[in-house]
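User: Hello! I am new to this structure and would like a friendly tour. Could you take my questions one at a time?

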Amino acid sequence: MSGFTAEDICDLPHDSLPLPGWVRDFAVRPSVLVSAHFDASLTMTTAAFEAGVADAYRSVFRQLEADPSVRPVRFWAFIPSIHLDLGGGIDRYKAFNTARYGAFAAHFGQATFLAGSIPTASAVGVDGQRFQLHCLATTEPGVPVENPRQVPAYQYSRRFGPLPPCFARATLLAGDSDRPVLLVGGTASIVGEDSAHDEDFSRQAQETLMNLASLVASAEGRPLPVSGADLRPMLAKYDEIRIYCPRPEVRGEIVNLVCTNFSAARRVEMVRASLCRAELLIEIEGLARPTRVHTRA
């Protein structure tokens with residue numbers, strides 16, 4: 001059991017959302033952090049919002065050009081009114097994905113990013129008007145890690161929008177260190193490409209834990225966990241986690257989930273936020289420390 005109690009979990013604001021605490025402390029590798037933002041008014045058209053997102057990504061890439069030694073490995077996007085209906089079956093998250101797709105195709109080259117050589121990311125909905133984009137870049141190129149239980153996001157069908165999300169599920173920084181780092185993006189109750197356990201928080205939480213454990217197993221080149229007993233050793237390798245949840249009334253269940261499953265976590269943050277799909281009730285991201293690595297992950 002973890003030594004965490006309800007008082008140890010840090011509740012963060014849900015409008016001007018800060019980056020996870022571990023990003024400020026990240027000193028494992030030489031790194032830089034760059035950001036961009038714009039005010040996303042509720043009256044923006046689809047085209048105007050997509051243009052703002054594209055400009056934000058271009059700003060980030062221009063800032064990174066100042067140091068050619070670094071490469072982007074982790075993105076965070078905080079999207080105001082993420083499920084705002086823009087018409088034609090498009091909401092702000094789908095419009096965001098369209099703009100990100102174009103920005104990545106221009107920067108990385110379409111063939112490169114469609115082969116999966118892209119950074120890890122999280123994108124959640126926040127209150128207020130400010131769209132925020134943050135990027136962590138390191139001198140060490142990251143190795144993308146996918147979860148075999150899930151379809152890679154960049155291969156999603158058109159059921160999830162005209163253009164798919166573009167991100168790796170996790171990024172491994174292995175280097176020559178005896179403590180590799182696994183940057184794990186927003187992970188939820190998705191199997192294949194479908195949301196699982198609609199409106200059932202407890203079952204969604206367990207599916208999310210299975211996906212988090214599977215990412216560590218994949219990075220280590222181990223068989224995927226198949227039961228609760230298999231999860232604990234993999235989840236014990238997370239020392240930083242952030243939990244996004246749109247329902248504050250389930251905080252007690254989240255505290256129990258943390259105390260039961262994340263025995264090595266030294267910092268846990270909880271944020272009330274809307275998730276990329278309205279039916280999802282919990283998303284977890286974090287930092288894990290694999291004990292061995294499979295460099296072809």
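Analyst: Gladly, and one definition will help us from the start: a residue is buried under 20% relative accessible area, exposed over 50%, and partly exposed in between. Please keep in mind that this is a predicted model.

User: Is Glu 199 buried, partly exposed or exposed?

Analyst: Glu 199 is found in the loop between β12 (194-195) and α5. Its relative accessible area is 45%. Buried needs a value under 20% and exposed one over 50%, so Glu 199 counts as partly exposed.

User: What is the phi of Glu 199 near?

Analyst: Most residues other than glycine have a negative phi. Glu 199 is a residue other than glycine with a positive value. Its phi is near 65 degrees.

User: Which loop holds Ser 81, and what is its phi?

Analyst: Ser 81 lies in the loop between β3 and β4 (85-87). At 26% relative accessibility, Ser 81 counts as partly exposed. Ser 81 is not a glycine, yet its phi is positive, at about 50 degrees.

User: Let us step back to the whole chain. How many helices and strands does the chain have?

Analyst: The elements I have named so far, such as α5 and β12, belong to a longer list. In total the chain has seven helices and 15 strands.

User: What radius of gyration does the chain have, and does it agree or disagree with a compact globule?

Analyst: The C-alpha atoms fill a box of roughly 50 × 45 × 35 Å along the principal axes. For 297 residues, a compact globule would have a radius of gyration near 19 Å. The chain agrees with that, at 18 Å.

User: What share of the residues count as buried?

Analyst: The accessible surface of the chain comes to about 11900 Å², and 52% of it belongs to carbon and sulfur atoms. As for the residues, the ones that count as buried are those under 20% relative accessible area. Of the 297 residues, that share is 55%.

User: What share of the contacts with a separation of 6 or more comes from residues 24 or more positions apart?

Analyst: A contact here means heavy atoms within 4.5 Å. Among contacts with a separation of 6 or more, residues 24 or more positions apart account for 80%.

User: How far apart are the centres of the positive and negative side chains?

Analyst: The chain has 29 positive and 33 negative side chains. The centres of these two sets lie apart by 4 Å.

User: Which elements are included in what covers the buried residues of α7?

Analyst: Helix α7 spans residues 251-261, and its buried residues are Ile 254, Val 255, Leu 257, Val 258, Cys 259 and Asn 261. Two of these names, Ile 254 and Val 258, appear among the contacts of Ile 243, a residue found in strand β13. The cover of the buried residues of α7 includes α5 (201-220), α6 (228-235), β13 (238-245), β14 (267-272) and β15 (283-288).

User: What is the relative accessible area of Ile 243?

Analyst: Leaving aside neighbours within four places in sequence, Ile 243 is in contact with residues including Val 268, Met 270, Val 271, Ile 282 and Ile 284. Ile 243 is buried, because its relative accessible area is 0%.

User: Where is Leu 275, and what is its relative accessible area?

Analyst: Leu 275 lies in the loop between β14 and β15. Not counting residues up to four places away in sequence, Leu 275 touches, among others, Ile 82, His 83, Val 124 and Tyr 244. It counts as buried, since its relative accessible area is 2%.

User: How many disulfides does the structure hold?

Analyst: A disulfide needs two cysteine sulfur atoms within 2.5 Å. For Cys 135, the nearest cysteine sulfur is that of Cys 166, 14 Å away, and for Cys 245 it is that of Cys 276, also 14 Å away. Neither Cys 135 nor Cys 245 is in a disulfide, and the count for the structure is zero.

User: How far apart in space are Asp 67 and Thr 139?

Analyst: Asp 67 sits in the loop between α2 (46-64) and β3 (71-80), and at 29% relative accessibility it counts as partly exposed. Along the sequence, Asp 67 and Thr 139 are 72 residues apart. In space, C-alpha to C-alpha, their separation is 9.4 Å.

Conventions:
Residues are numbered from 1 along each chain as its sequence is written. This is a predicted model: local features need pLDDT of at least 70, side-chain atom pairs count only at pLDDT 80 or more; totals for chains, interfaces and linings use all residues. Side-chain values use heavy atoms; hydrogens and water are left out. Helices (H or I, at least four residues) and strands (E, at least two) are DSSP runs, numbered from the N terminus. Buried means under 20% relative accessible area, exposed over 50%, partly exposed in between (1.4 Å probe, protein chains only). The radius of gyration is taken over C-alpha atoms; the globule rule is 2.2 Å times the number of residues to the power 0.38. Accessible areas come from the Shrake-Rupley method with a 1.4 Å probe; for residues, only the protein chains shown count as cover. Lys and Arg count as positive and Asp and Glu as negative; His and the chain ends are not counted. The place of a charge is taken as NZ of Lys, CZ of Arg, CG of Asp or CD of Glu.
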